[in-house]
Amino acid sequence: MESGVLTREKAVAGVYVDAVDVAGLDDALLDLRLRLIGRARNQLDGFLAEAVAEKKRRTSPYDTANTLKAELRQSGQQAQRTMREAEQLEALPAARGALADSRITTEHARILGTAAQAGPMDEDKMVAAAECETPEQLRRTVREHQDELAGDPEGAKRLERQQKARMASFTEQEDGMWRLFALFDPVTAQRIRAALNHKTDMAWHATSGRERLEARHRRADAIAELLTRTNDGERDRPQPTSLLILADFDTIDHQLGNPRLADGTPLPQSEFRKLACDAEILTGIFDADLQCLSLGRQRRPSPQLRAAITARDQGCIGCGTEPEWCVSHHIVEWQHGGPTQQDNLVLLCHPCHHKAHHRNWQVEHHPDTNRPYLRPPWQQPPEPPPRR
């Protein structure tokens with residue numbers, strides 16, 4: 001009996017988190033606690049995947065699902081998802097070990113597990129990438145890696161598969177509510193996301209105070225209006241939004257090459273040519289880091305400049321919120337002589353914009369990557385690299 005108690009103690013060693021009064025913690029200690037809880041959750045998810053895989057080997061999927069519902073109080077759908085994720089990790093020992101050590105997160109593990117079922121993958125290489133990349137970055141890295149292994153560097157075959165996999169369903173639930181579910185390829189998704197975010201943000205600006213609905217309600221209303229609205233009593237018209245596509249111009253051959261979406265997703269030449277038929281061209285000269293020349297003293301950035309900082313920041317530099325929800329923030333304020341130029345502008349969502357103006361959060365440039373980020377007042381800036 002004593003041996004069993006010791007074994008259980010060892011099983012939770014390193015992931016135990018004490019209960020504390022979080023109201024008494026300062027911001028730095030609260031961030032530290034969240035980090036410790038995140039590490040513990042990752043490790044426990046890794047242990048859960050190992051235990052579920054072993055239970056499934058010893059019994060059956062039916063018995064394993066019943067155990068998860070009884071012991072973890074999971075629903076039937078949750079139990080099936082837990083078993084599926086455990087089965088994916090069972091085939092990825094490096095990813096499973098990295099999750100148990102909390103070197104990667106549960107979201108990283110899900111991305112690797114899904115990718116391994118979709119095609120060939122160098123597991124060790126992708127686990128190493130997961131240890132230093134965000135989930136959003138890892139998804140892109142895995143796609144590019146698998147495209148390279150499949151001999152599809154432009155992603156044309158992948159885009160074709162995604163377009164064939166598009167689907168949508170609209171079903172009534174037991175409580176009388178209706179559920180809309182859909183899958184789209186990245187190009188179509190960018191258009192829908194831009195239109196949806198634009199419409200949702202318009203609803204936020206149109207109201208104030210207690211009149212403002214929660215974000216999930218505004219988003220649902222935006223979908224309904226985009227799908228059903230009429231213009232002057234006539235047929236629906238599309239929401240005026242922009243799809244940002246980047247390309248390099250070859251000054252010798254006078255051709256555009258390397259087309260890609262704003263988040264770096266490669267775009268096949270065939271799809272690029274099709275989109276370019278109806279495109280509005282925003283001209284600009286950028287260097288390798290997408291830095292452009294000064295565009296004057298205007299307060300608001302021009303469409304060209306906004307496109308440039310969107311391509312560079314890809315969302316709020318503080319929390320990663322999508323570009324359509326962001327404002328162009330002057331690092332040196334405009335009224336204090338700050339120019340409306342790319343090196344003085346960053347994307348910030350409304351909450352992070354408030355932090356920068358009213359809570360002393362600072363826009364800094366990382367000494368290694370030179371990319372802008374939002375630094376809280378209690379955090380010291382990173383040390384610059386030693387001069388050669």
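In the predicted model, Leu89 is in contact with Ala49, Ala95, Arg96, Leu99 and Ala109, when residues up to four places away in sequence are not counted. Leu89 belongs to the largest nonpolar core, which comprises 24 residues, and is listed there with Ala95, Ile104, Leu112, Met121, Leu138 and Val142 as the residues having the most contacts inside this core. Two or more residues are given to this core by each of helix 2 (27-58), helix 3 (61-71), helix 4 (76-90), helix 5 (93-100), helix 6 (106-118), helix 7 (123-130) and helix 8 (135-149). Apart from this core lies another, of 15 residues, including Ile309, Leu347, Trp361 and Val363. In soluble globular proteins, nonpolar side chains tend to be buried together.

A polar residue, Gln74, is located in the loop that runs between helix 3 and helix 4. With a relative accessible area of 15%, Gln74 falls under the 20% limit and is therefore classed as buried. The side chain of Gln74 forms a polar contact of 3.1 Å with the side chain of Thr82, and, with residues up to four places away in sequence left aside, Gln74 touches Leu68, Lys69, Ala79 and Thr82.

Two aromatic pairs are present in the structure. In the pair formed by Phe170 and Trp178, the ring centres are 5.1 Å apart and the planes stand at 35 degrees, so that this pair is described as tilted. Phe170 counts as exposed, at 55% relative accessibility, whereas Trp178, with a relative accessible area of 47%, is partly exposed. The pair of Trp361 and Trp378, by contrast, is edge-to-face, with 5.6 Å from centre to centre and 85 degrees between the planes. This pair links distant parts of the chain, since Trp361 lies in the loop between helix 14 (350-358) and strand 7 (362-365), while Trp378 lies in the segment after strand 8 (372-375), the two residues being 17 residues apart.

The accessibility of the two tryptophans in the edge-to-face pair can also be stated. Trp361 has a relative accessible area of 14% and is buried, whereas Trp378, at 31%, is partly exposed. Trp361 is, in addition, one of the residues of the core of 15 residues, and the charged end of Lys355 sits over the ring of Trp361, 4.4 Å from the centre of that ring. Trp361 thus appears in the edge-to-face pair with Trp378, in the core of 15 residues and beneath the charged end of Lys355.

Note on methods: Residues numbered from 1 in each chain as written. Predicted model: local features only at pLDDT ≥ 70, side-chain atom pairs only at ≥ 80, totals over all residues. Heavy atoms only, no water. Phe/Tyr/Trp six-rings, centres within 6.5 Å; stacked < 30°, edge-to-face > 60°. Buried < 20%, exposed > 50% of the residue type's maximum accessible area, 1.4 Å probe, protein only. Helix = DSSP H or I, 4+ residues; strand = E, 2+ residues; numbered from the N terminus. Lys NZ or Arg CZ within 6 Å of the ring centre and 35° of its normal. Core = buried A, V, L, I, M, F, W, Y, C linked by side-chain atoms within 4.5 Å. Contact = heavy atoms within 4.5 Å. Polar contact = N/O pair within 3.5 Å; in protein donor to acceptor, adjacent residues only side chain to side chain.
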